Amino acid sequence: EKGGYATFMEKEIHEQPHAVGDTLLGRTDIEGRLVLDDMSITEDQLKDVDRIIIVACGTAAYAGMVAKYAIEHWTRIPVEVSLAHEFRYSDPIASERTLVVSISQSGETMDTLMAVKHARELGALTLSICNTHGSTIPRESDAVLYTHAGPEIAVASTKAFLAQITACYVLGLYLAQLRGGTFADDAQSVMKELHEIPAKLEELLGRMDRVKEIARFMADTRSVLFLGRNVGYPVAMEGALKLKELAYIHAEGFAAGELKHGPIALIDAGQPVFIVVPGPGTPHELHKKVVSNIQEIRARGARTIVVAEDGDEDVVPFADEVIRVPATSPLLAPLLTVVPLQVFALHLSSAKGLDVDQPRNLAKSVTVE
Ligand code: M6R
């Protein structure tokens, strides 16, 4: 049942090219319209949406954070991300022009379900991105976009995360298309690139030997930091969460720009830091800025493990380790950059002799508030 892999998590990591590919499959009709499942929201209602709130927990919320950058850029519709358990209690503002998007692998997370119910009470449109057919959250929503990751058994989410991000991109690109004009043109070219991701993931998964080695050497590590910017920031958070869940190691993800506002004080000799580097094509010179962050922390003794695009030579002088990922457009990069972080957490956990698929104190779906 584990298909020759030692753990479900490892199997699921290797299923990621399919999780992305299958989630993209059959998503548009002949006229290029998004095909949503169980849809009771009209195209006119979607055209009228002036605000999006994403509600989710844990890894699904990090998918939501990636989505915020992408959807805002492609559509210019303001998007906020609310942890589902905070949403209901924050006296949220919503109207019939607000689209509340819930993201949940299981479709049974109580915190997320309660947020969706609250959104409906406020009169908002609700759309669920979910991996489990027939589960509660899609049933309670006006529309569903199912992710096709297949059943996820390991408690730590991997392939569902990639499928969630993919579904969010599809939604964002569809909304962009509805806006028409240059929004629609851009959407077409991004969609083309999105279809190239499964093959790039396949290639990336074949290059993970060094990451596994790094993980094995780090079995005694007590703390690991993760830095990223823009869409790399939620990836850093997700890398840290995976490590907490699986290896019971203290880990924190930061926005790299925040470093000088406090966290840099944590850096001393030998502190391992993963840096998710934005591709050199990222706007606003973010690439250059992150490279200088790497330089700064290295000068203070950090051990820098750099996740960078193929061909990015700027990182080399300041990296103790470079993990290469195939190049893609900046907003799509999380589908690739998160993979080495998943593999790292998995192999560190098994190097410590821990139960990868069933970490202590955790359940696959959290059905209590
Ligand atoms: O089933 P859901 O997507 O609603 O679950 C949300 C979180 O509980 C889940 O992503 C959790 O953070 C995972 N254990 C992460 O690996």
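**Aromatic rings, ligand contacts and odd phi values**

Q: Why is Phe274 called buried?
A: In this predicted model, Phe274 has a relative accessible area of 1%. The cut-off for buried is under 20%, so Phe274 qualifies.

Q: What makes the pair Phe226 and Phe274 stacked?
A: Two numbers settle this one. The ring centres are 5.0 Å apart, and pairing asks for centres within 6.5 Å. The planes sit at 15°, and anything under 30 degrees counts as stacked, so that's the label this pair gets.

Q: Why does the pair of Phe226 and Phe274 tie together parts that are apart in sequence?
A: Because Phe226 belongs to strand β6 (residues 223-228) and Phe274 to strand β8 (residues 272-276), the pair bridges parts 48 residues apart in sequence.

Q: Is Phe226 buried or exposed, and how do you know?
A: The relative accessible area of Phe226 is 0%. Buried means under 20%, so Phe226 is buried.

Q: Which residues do ring pairs link into a cluster?
A: Phe226, Phe274 and Phe344. The count of aromatic pairs comes to 3.

Q: What makes Arg360 a charge over the ring of Tyr248?
A: Arg360 lies over the face of Tyr248, 3.8 Å from the ring centre. The distance limit is 6 Å, and there's an angle limit too, within 35 degrees of the ring normal.

Q: How do you know that Glu245 makes a polar contact with the ligand?
A: One of the polar side-chain atoms of Glu245 is 2.6 Å from a ligand nitrogen. The cut-off is a pair of N or O atoms within 3.5 Å, so this counts as a polar contact. Ser106 passes as well, with a polar side-chain atom 2.7 Å from a ligand oxygen. Val155 uses its backbone instead: an N or O atom there is 3.3 Å from a nitrogen of the ligand. As for cover, the protein takes up 90% of the 410 Å² of accessible area that the ligand has on its own.

Q: What is the phi of Asp91, and where is Asp91 found?
A: Phi is positive, about 55°, even though Asp91 isn't a glycine. Most residues other than glycine have a negative phi. Asp91 is in the loop between α5 (84-87) and β3 (98-104). Its relative accessible area is 66%, and exposed means over 50%, so Asp91 is exposed.

Q: Why is Asn361 called exposed?
A: Asn361 has a relative accessible area of 77%, and the bar is over 50%, so exposed is the right word. Asn361 sits in the segment after α14 (334-351), and its phi is positive, near 65°, in a residue other than glycine.

Definitions and conventions. Residues are numbered from 1 along each chain as its sequence is written. This is a predicted model: local features need pLDDT of at least 70, side-chain atom pairs count only at pLDDT 80 or more; totals for chains, interfaces and linings use all residues. Side-chain values use heavy atoms; hydrogens and water are left out. Rings of Phe, Tyr and Trp (its six-membered ring) pair if their centres lie within 6.5 Å; planes under 30 degrees apart count as stacked, over 60 as edge-to-face and the rest as tilted. Helices (H or I, at least four residues) and strands (E, at least two) are DSSP runs, numbered from the N terminus. Buried means under 20% relative accessible area, exposed over 50%, partly exposed in between (1.4 Å probe, protein chains only). A polar contact is a pair of N or O atoms within 3.5 Å; within protein, one must be able to donate a hydrogen and the other to accept it, and residues adjacent in sequence count only if both atoms are side-chain atoms. Accessible areas come from the Shrake-Rupley method with a 1.4 Å probe; for residues, only the protein chains shown count as cover.
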